[in-house]
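Let's take a walk through this fold together, strand by strand and then helix by helix. Have the viewer open and the sequence at hand as you read.

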Amino acid sequence: MSNEIKNVFISHIHKDDSKLGDLKSLLKKNGIDAKDYSITSDKPNQAKSEEYIKTQILAPQIKQCSVLVVYVSPDTKNSDYVNWEIEYANKNGIRVVGVWENGEKGCELPEALEEYRDAMAGWHGSSIVDAILGDDSIQENSDGTSLGQRNITRHPCG
């Protein structure tokens, strides 16, 4: 049986670029081939304007995806771009799934992820895949224990 192909934007800080391959490998082992639309340092752009980067580079990439996966490491909470990407995905009706960094013992989540996440998964392939495929009941701490159910604020598409 072949893996399901999903268009995915992985929101992350550039410091974590090298770890995204592990996430994509974990997804593949568990049934999802992630067609990755993320912006990483190996696909750099020369833009300097924050507004241009958001509207002309990030927004078109995110719009092509059915899910925005937020790779959560200790410094993710401080990224204005990660918060913007989450808010943009939410406003455009794109599923938002948080995934804890492999080995992370729990850290503060980006504000927008706290508010708009559909699901949050520990570093467990089956949980991540279930969350990407639409299971909103996946609400895990980094150790796999329950975060509890969420009341999600979704903006209508458009």
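A good place to start is the pairing of β1 with β3, which is parallel and runs over four bridges. Within this pairing, S11 stands opposite V70 of β3. Keep in mind throughout that what you are looking at is a predicted model.

Now look at the other neighbour of β3. Strand β3, residues 67-72, also pairs with strand β4, residues 95-100, again in the parallel sense and over six bridges. On this side V70 has G98 of β4 as its bridge partner, while Y71 stands opposite V99 in β4.

How does this fit into the whole sheet? Five strands make up an open sheet, ordered β2-β1-β3-β4-β5, with parallel pairing. At the edges are β2 (32-36) and β5 (119-121), each of which pairs on one side only. If you follow the sheet across, neighbouring strands are turned against each other by 35° on average, direction ignored. Helix α3, residues 80-91, packs on this sheet and touches β1 (4-11), β3 and β4; the direction of α3 makes about 155° with that of β3.

It is worth staying with β3 a little longer. Is this strand covered or open? It is mostly covered, with six of its six residues buried. In a regular strand, side chains alternate between the two faces of the sheet. You can trace two sets of side chains here: V67, V69 and Y71 point one way from β3, L68, V70 and V72 point the other way, and all are buried.

Next, turn to a pair of helices. Two packed helices are described by the angle between their axes and the distance between the axes. For helix α1 (residues 20-29) and helix α5 (residues 125-132), the axes come within 9 Å and cross at roughly 85°. Angles of 65 to 115 degrees count as roughly perpendicular, so α1 is roughly perpendicular to α5. Which residues make the contact? From α1 come L23, L26 and L27, and from α5 come G125, I128, V129 and I132. Sorted by character, the residues of this contact are six nonpolar, one polar and no charged.

Stepping back, you can put these pieces into the order of the chain. The secondary structure comes to five helices and five strands, and from the N terminus on the elements run β-α-β-α-β-α-β-α-β-α. The radius of gyration is 14 Å, close to the 15 Å that the globule rule gives for 158 residues, so the chain is as compact as a globular protein of that length. Along the principal axes, the C-alpha atoms fill a box of roughly 40 × 35 × 30 Å. Of the 158 residues, 48% are buried. Among contacts in the chain with a separation of 6 or more, 68% are between residues 24 or more positions apart.

For a last stop, find G144, in the segment after α5. Its relative accessibility is 31%, and partly exposed covers the range between under 20% for buried and over 50% for exposed, so G144 counts as partly exposed. How far is G144 from K105 in sequence and in space? The two are 39 residues apart in sequence and 10 Å apart in space, C-alpha to C-alpha.

Note on methods:
Residues are numbered from 1 along each chain as its sequence is written. This is a predicted model: local features need pLDDT of at least 70, side-chain atom pairs count only at pLDDT 80 or more; totals for chains, interfaces and linings use all residues. Side-chain values use heavy atoms; hydrogens and water are left out. Two strands pair if DSSP finds at least two bridges between them. Axes are lines fitted to C-alpha atoms, for helices over the stretch in contact, and angles run from 0 to 180 degrees between N-to-C directions. Contact means heavy atoms within 4.5 Å. Angles under 35 degrees count as roughly parallel, over 145 as roughly antiparallel, 65 to 115 as roughly perpendicular and the rest as oblique. Ala, Val, Leu, Ile, Met, Phe, Trp, Tyr, Cys and Pro count as nonpolar, Asp, Glu, Lys and Arg as charged, and the others, Gly among them, as polar. The radius of gyration is taken over C-alpha atoms; the globule rule is 2.2 Å times the number of residues to the power 0.38. Buried means under 20% relative accessible area, exposed over 50%, partly exposed in between (1.4 Å probe, protein chains only).
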